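Work through the exercises below with the sequence and the model open beside you. Try each task on your own before reading its solution.

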Amino acid sequence: MTEKRTTVLAIDIGAESGRVMAVHFDGAGLQLEEIHRFPNYALTVNGVLQWDILHLWREVQAGIGLSRAHAAGPPASLAVDTWGVDFGLLDRHGNLIGNPVCYRDSRTEGMLDAVFARVPKAEVFAQTGIQFMAINTLYQMMSLVESGSPHLQIAERFLTVPDLLNFWLSGAQVCEFSNATTTQMLNPFTRSWAGELLEALGIPLVLFPEVVQPGTRLGTYQDIPVIAPACHDTGSAVAGVPAQTGNFAYISSGTWSLVGLEVQEPVVNEAALAVNATNEGGVYGSFRLLKNVMGLWLLQQCRSTWEQQGRSYSYPELVSLAESAEPLRSLVDPNDDRFLPPGDHPAHIQAFCQQSGQAAPESDAAIARCVFDSLALAYRNVLLELQSLTGRPIDVIHVVGGGSRNRLLNQLTADATGIPVLAGPGEATVIGNALVQLISLGELANLDEGRQLVSGLGELERFGPEGEDAWRDVRMPAIQ
């Protein structure tokens, strides 16, 4: 008797790399198989930091082609998730007008003030429920308005990066809900574009297509059904959290750390505005009440700087270095603006410490330890703010994504928060992407059933609080 197996392709693209993963479901468990991995990068052309989207499109096609050699037939479906906020514009023939610009490009400088000059900050939040960050699509679009960009004049359609790839795969010009919310241009209550806001800012509402929910079938690519998952990678990661209780928090840990709670209604009020919380779309009617923390980007940039200086470290070596350094000696605010662009982050860390009245870390080990301690402290502060907004207790923190393999940071997070950490799976984004496909295909009944499968994968590791006393009086330093 032949074992029944359903295979779906989860295409997950982050800021550093992308991969095409086959997820096999035999009715009782999930098995992941990497089909194709490829780099992603932003490059500067004519002074503009932009993504090589045609490289990504080529690699996506290559991965889908390779998947056919790994199975008896074509996959049952495929789905794409990527990072948020970045986008492409299409002309009336459906052609892309220039590469999508990277959110780290400088074109958004001063754009928050430009928006607030037309629409008060509180009103922007009331219409979108999204935290204020210069990287948001709203400020990227505002830069086009302010500069009189010819791209806006000839554009007929706006698509975020995963929606653009979905268009090339399926022919559907739509925006998926979870990723659309990251733009700060969508109303979380109507679940449609914030037309009043866009009109006030001079951003043409006609550019924006239909918004579809996760699980929507978009079309086919080479006879393979194309399904919209949570196209925002964090949305897929949260869908893949192995939650067994409603009172959980999550940290999707990678280049960025997304720290939050899963809620059923957006929290849009003065208190949420005051702490700059965000309400991003989730799957099956949920929202992700969260805040962005700069994440392991700080360590990635330190590693890159040290490599240029002739000192090469693997990530496990950096963790070992940090473990050898004195704890809580120096701290930085990971979300300080100086850490957003690529650069000499060891020097930035030292400068922040000096400007905040602390001793600057000198050794590579001390700098690495500063990064880990600072991230754990930032996680604690965010969770305290979110608890104050909801009144919800937190029984466990689920750390998912690549950062879930960092045992030192997991332990520091448990110590700083006083809450147990359950780390894993590392491939939560791929798994969440696949779960939505399997539900859409009728292979799973609902997300609870899918999360039960994830909890049985056997790769989860628990970290209990051990050194919380040392953290009790620790506070985030401020520039003096």
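The exercises that follow concern a predicted model, and they go from a cavity to a strand, a sheet and a helix.

**Exercise 1.** Find which residues line the second largest cavity, and state which element gives the most to that lining.

*Solution.* Begin with the count, which is two cavities of 30 Å³ or more in the structure. The second largest of them holds about 30 Å³ of space, and its lining consists of I251, S253, Y379, V399, G403, L409, N410 and T413. Next, assign these residues to elements: those that give two or more residues to the lining are β15 (248–253) and α15 (407–417). Of the elements, α15 gives the most, with three residues. Finally, sort the lining by class, which yields four nonpolar residues, four polar residues and no charged ones.

**Exercise 2.** Decide whether S253, one of the residues lining this cavity, is buried or exposed, and list what S253 touches.

*Solution.* First locate the residue, since S253 has its place in strand β15. Then apply the cut-off, by which a residue is buried when its relative accessible area is under 20%. S253 has a relative accessibility of 4%, and therefore counts as buried. For the contacts, leave out residues up to four places away in sequence; S253 then touches L296, Y379, V399, V400, G401, G402, G403 and S404. Among these contacts, Y379, V399 and G403 also appear in the lining of the second largest cavity.

**Exercise 3.** Place β15 in its sheet, and work out in which sense β15 pairs with β19.

*Solution.* Recall that strands of a sheet pair through backbone hydrogen bonds, either parallel or antiparallel. Here seven strands form an open sheet with mixed pairing, and their order is β17-β18-β16-β15-β19-β20-β21. The edges are β17 (278–281) and β21 (461–463), each of which pairs on one side only. On average, neighbouring strands of this sheet are turned by 30° against each other, with direction ignored. Reading along the order, β15 stands between β16 and β19. The pairing of β15 with β19 (residues 396–400) is parallel and runs over five bridges, and within this pair F248 stands opposite V396 in β19.

**Exercise 4.** Determine how many residues of helix α6 are buried, and describe what comes just after the helix.

*Solution.* Helix α6 covers residues 161–170, and nine of its 10 residues are buried, so that the helix is mostly covered. The buried residues are V161, P162, D163, L164, L165, N166, F167, L169 and S170. Just after α6 comes G171, which takes a positive phi of about 85°.

Conventions: Residues numbered from 1 in each chain as written. Predicted model: local features only at pLDDT ≥ 70, side-chain atom pairs only at ≥ 80, totals over all residues. Heavy atoms only, no water. 1 Å grid on protein atoms, 1.4 Å probe; cavity = no way out; pocket = protein on both sides within 12 Å on 5 of 7 lines; lining within 4 Å. Points joined across faces, edges and corners; volume = space filled by probe spheres on them. Helix = DSSP H or I, 4+ residues; strand = E, 2+ residues; numbered from the N terminus. Nonpolar A, V, L, I, M, F, W, Y, C, P; charged D, E, K, R; others polar. Buried < 20%, exposed > 50% of the residue type's maximum accessible area, 1.4 Å probe, protein only. Contact = heavy atoms within 4.5 Å. Pairing = 2+ DSSP bridges. Axes fitted to C-alpha atoms, helices over the stretch in contact; angles between N-to-C directions.
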